[in-house]
Amino acid sequence: MKKNNPLAEGPDGLVYTARLPLSSATLNWLASLVRGHLKKIGSRWRALPAGKIATIVLAVLRCDQRPGDLAGGNGVHRTTVTRWVREIVGLLAARAPRLDRALKKIARMGGGIVLLDGSVIRTRRRTGKENRKNYSGKNKCHGLLVIALTDDRGRLLWISAARPGRTSEITACRHDKLTRKLREVGLGAIADLGFVGLDDGGPNADPAVITGYKTARNRPLTRGQKLSRGPRTTTSPRSSSASR
């Protein structure tokens, strides 16, 4: 007896609509950036208008939509979507402020401190030895490490290049010569315990990076050190390592 089981998936696939958690101002700004780039390079034709291209790229970057799915729903090839994503990422990277310029701008505006922190952006786990460096032992996931600076109100000033997830925050800051550039403009940075040991200034130099204090088994914190750390204090080496 011959079984006649139809395929669960149709030959053409399904197309659905989704809502991006982004404002129309973001879409319009990115679309104008794409139009300016096309005018600059003299590109007269694209498979889709600039606004549609911006929407597709935002779906990939913001919601991690697969380029193949977006390509099928918009009548273009997967490699076309991938090329658009790389092109727009390059345009956005070219507009990113440099570290020294961002710090000088804060100094001219009368600012005295910036806030420093690092974050691991999760990525998909891929096979092969090349992806092992993207595994973060601290966060127990695959991702890319970025270092960010904000002003005292939390507004983003500068973000570093993405580095493998296994890179430590201190190593990334030293690669960007962060402490030297802070001293050049007379600014200081406030950071968490993960940045203890970053400041490479002399014993008589003013600190460029201000952090809390770590406790140890044979070196308890003084009352002044506990107060400077705020309400969260660690009393054992195990809890201290967990806060790094």
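This report describes a predicted model of one protein chain, going from its overall make-up to its cores, helices, hairpin and single residues.

## Overall make-up

The model is predicted, not determined by experiment. The chain holds nine helices and seven strands. It has 244 residues, and 29% of them count as buried.

Among contacts in the chain with a separation of 6 or more, 53% are between residues 24 or more positions apart.

## Two nonpolar cores

The largest nonpolar core is made of 24 residues. Within this core, the residues with the most contacts are Leu 116, Leu 149, Cys 173, Leu 178, Leu 182, Leu 198 and Val 209. Two or more residues each come from helix H5 (99-108), strand S1 (113-122), strand S3 (141-150), helix H6 (169-175) and helix H7 (178-185). Apart from this core lies another one, of 22 residues, which includes Ala 50, Val 57, Val 81 and Val 85.

Leu 182 can serve as an example from the largest core. With its neighbours within four places in sequence left aside, Leu 182 is in contact with Leu 103, Val 114, Leu 187, Ala 189, Ala 208 and Val 209.

## Helix H1

Helix H1 (24-41) has 18 residues, and the distance from its first C-alpha to its last is 26 Å, close to the 26 Å expected at 1.5 Å a residue. Its buried residues are Leu 30, Ala 31, Leu 33, Val 34, His 37 and Leu 38. These buried residues lie on the same side of H1, because the arc they cover around the axis is only 155°.

On the other side of H1, the exposed residues are Ser 24, Ala 25, Lys 39 and Lys 40. The buried residues of H1 are covered by elements including H2 and H4. After H1 comes Gly 42, which has a positive phi near 75°.

## Helix H2 and the residues after it

Helix H2 covers residues 50-63. Its 14 residues should span 20 Å at 1.5 Å a residue, so the 19 Å between its end C-alpha atoms agrees with that expectation. Ala 50, Ile 53, Ala 54, Ile 56, Val 57, Leu 58, Ala 59 and Val 60 are buried in H2. The buried residues of this helix pack against helix H1 (24-41), helix H3 (67-74) and helix H4 (78-94). Two of the H2 residues, Ala 50 and Val 57, are among those in the core of 22 residues.

Asp 64 comes just after H2 and sits in the loop between H2 and H3. Its phi is positive, near 60°, in a residue other than glycine. Asp 64 counts as partly exposed because its relative accessible area is 47%, which lies between the limits of 20% and 50%.

## The hairpin of S3 and S4

Strand S3 is joined by three bridges to strand S4 (residues 156-159), and the two strands run antiparallel. In one of the pairings, Ala 148 has Ile 159 of S4 as its bridge partner. The hairpin has five residues between the strands, and Gly 154 in this hairpin takes a positive phi near 90°. Strand S3 is also one of the elements that give two or more residues to the largest core.

## Cysteines

How many disulfides does the model contain? The count comes to zero. Two of the cysteines can be set side by side. Cys 63 has a relative accessible area of 32% and is therefore partly exposed. Cys 141 is at 8% relative accessibility, so it counts as buried.

## Two loop residues

Lys 177 is found in the loop between H6 and H7. Although Lys 177 is not a glycine, its phi is positive, at about 55°. With a relative accessible area of 44%, Lys 177 is partly exposed.

Tyr 213 is placed in the loop between strand S7 (209-210) and helix H8 (223-229). This tyrosine counts as partly exposed, with a relative accessibility of 38%. Tyr 213 is 21 residues from Asp 192 in sequence, and in space the two are 9.4 Å apart, C-alpha to C-alpha.

Definitions and conventions:
Residues are numbered from 1 along each chain as its sequence is written. This is a predicted model: local features need pLDDT of at least 70, side-chain atom pairs count only at pLDDT 80 or more; totals for chains, interfaces and linings use all residues. Side-chain values use heavy atoms; hydrogens and water are left out. A nonpolar core is a set of buried Ala, Val, Leu, Ile, Met, Phe, Trp, Tyr and Cys residues joined through side-chain atoms within 4.5 Å. Buried means under 20% relative accessible area, exposed over 50%, partly exposed in between (1.4 Å probe, protein chains only). Helices (H or I, at least four residues) and strands (E, at least two) are DSSP runs, numbered from the N terminus. Contact means heavy atoms within 4.5 Å. The expected span of a helix is 1.5 Å times one less than its number of residues. Two strands pair if DSSP finds at least two bridges between them. A disulfide is a pair of cysteine sulfur atoms within 2.5 Å. The arc is that of the directions from the helix axis to the C-beta atoms.
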